[in-house]
Amino acid sequence: MNIVLLGKPGAGKGYVSEILKNEYGFNHISTGNLCRENIKNNTKLGVLASTYVQKGDLVPLDIILDMLKQALNNSSDNYIFDGFPRTLIQAQQLNKITPVDYVILVDVPNDIILQRVAKRRICPNCSKLFSTDEVQDEICIVCNTKLTIRADDNLEVAKKRLQLYETETKPLVDFYKDKLLILDNSKDLENTKQQIKEITERIYAKFKENV
């Protein structure tokens with residue numbers, strides 16, 4: 001069973017996917033993380049991707065597809081796709097690679113997203129994401145490394161990406177309307193966890209009916 005996570009940049013798709021991975025056994029595929037890993041390791045694909053990320057632009061489809069195919073590695077396991085697809089063309093390409101069973105739209109208003117982006121930090125060592133509200137002195141609580149700001153967490157970049165979402169990604173809501181479930185991630189974490197539990201139970205119930 002494969003699930004696509006849709007949502008604006010900064011809506012919390014990574015947090016939702018982490019819960020689905022750790023508590024419900026899904027394998028997590030984040031094109032954002034794939035890009036950052038390739039950039040960090042200075043791979044050929046990473047060098048190409050970095051030129052776009054630094055400008056706040058979306059990484060071209062051919063680069064994303066190459067990274068995605070490497071990550072899937074011909075596996076038949078179930079996945080959460082976080083950050084892909086972002087466009088109708090990408091959705092069509094994903095359908096050629098693997099079927100999509102359900103789509104979860106992580107919904108958050110723009111003003112809340114921008115507040116969260118301003119506080120977001122990442123550990124350059126273990127790649128864990130944090131809010132400055134969660135840590136002291138911006139030190140990773142997992143590996144004690146100084147946290148940094150991702151290039152794509154700049155506020156101006158975030159605003160540009162929100163505009164791109166409206167034109168490039170929002171049409172996917174209609175494209176996946178028959179598979180769509182909505183998760184409101186604008187409230188506290190406990191509320192989000194409860195919604196994830198309810199949605200996952202609905203997904204498993206529907207999936208069993210179709211097996």
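Two residues are in contact here when they have heavy atoms within 4.5 Å of each other. Keep that in mind for the exercises, and remember that the model is predicted.

**Exercise 1. Work out which residues of H2 and H3 meet, and how the two helices are oriented**.

Step 1. Start with the residues. From H2 come Cys 35, Asn 38 and Ile 39, and they meet Leu 45, Gly 46, Ala 49, Ser 50 and Val 53 of H3.

Step 2. Sort them by class. You get five nonpolar residues, three polar ones and no charged ones in the contact of H2 with H3.

Step 3. Now the geometry. The H2 and H3 axes come within 7 Å and cross at roughly 115 degrees. Angles of 65 to 115 degrees count as roughly perpendicular, so H2 is roughly perpendicular to H3.

Step 4. Finish with the hand: the crossing of H2 past H3 is left-handed.

**Exercise 2. Do the same for H4 and H5: are they roughly parallel or roughly antiparallel?**

Step 1. Take the angle, which is about 30 degrees, with the axes of H4 and H5 12 Å apart.

Step 2. Apply the cut-off. Under 35 degrees counts as roughly parallel, and therefore H4 and H5 are roughly parallel to each other. Their crossing is right-handed.

Step 3. List who makes the contact. H4 offers Leu 61, Leu 65, Leu 68, Lys 69 and Leu 72, while H5 brings Ile 89, Gln 90, Gln 93, Leu 94 and Ile 97. By class, that is seven nonpolar, two polar and one charged.

**Exercise 3. Find the residues with the most contacts inside the largest nonpolar core, then follow Leu 94**.

Step 1. The largest nonpolar core has 26 residues, and Phe 81, Leu 94 and Tyr 176 have the most contacts inside it.

Step 2. See where the core residues come from. Elements giving two or more include strand E1 (3–7), strand E3 (79–82) and helix H5 (88–97). H4 gives the largest share, six residues.

Step 3. Zoom in on Leu 94. Skipping neighbours within four places in sequence, Leu 94 is in contact with Val 4, Leu 68, Phe 81, Phe 84, Pro 85, Val 100 and Tyr 176.

Step 4. Don't stop there: a second, separate core has 22 residues, among them Phe 26, Tyr 102, Leu 162 and Ile 203.

**Exercise 4. Decide whether Thr 169 is buried or exposed**.

Step 1. Locate Thr 169: it sits in helix H7 (residues 155–169).

Step 2. Check its relative accessible area, 8%. Buried means under 20%, so Thr 169 is buried.

Step 3. Look for its partners. Leaving out residues up to four places away in sequence, Thr 169 touches Leu 6, Arg 86 and Leu 164.

Technical notes: Residues are numbered from 1 along each chain as its sequence is written. This is a predicted model: local features need pLDDT of at least 70, side-chain atom pairs count only at pLDDT 80 or more; totals for chains, interfaces and linings use all residues. Side-chain values use heavy atoms; hydrogens and water are left out. A nonpolar core is a set of buried Ala, Val, Leu, Ile, Met, Phe, Trp, Tyr and Cys residues joined through side-chain atoms within 4.5 Å. Buried means under 20% relative accessible area, exposed over 50%, partly exposed in between (1.4 Å probe, protein chains only). Helices (H or I, at least four residues) and strands (E, at least two) are DSSP runs, numbered from the N terminus. Axes are lines fitted to C-alpha atoms, for helices over the stretch in contact, and angles run from 0 to 180 degrees between N-to-C directions. Angles under 35 degrees count as roughly parallel, over 145 as roughly antiparallel, 65 to 115 as roughly perpendicular and the rest as oblique. A crossing is left-handed if the near helix is turned anticlockwise from the far one by less than a right angle, and right-handed if clockwise. Ala, Val, Leu, Ile, Met, Phe, Trp, Tyr, Cys and Pro count as nonpolar, Asp, Glu, Lys and Arg as charged, and the others, Gly among them, as polar.
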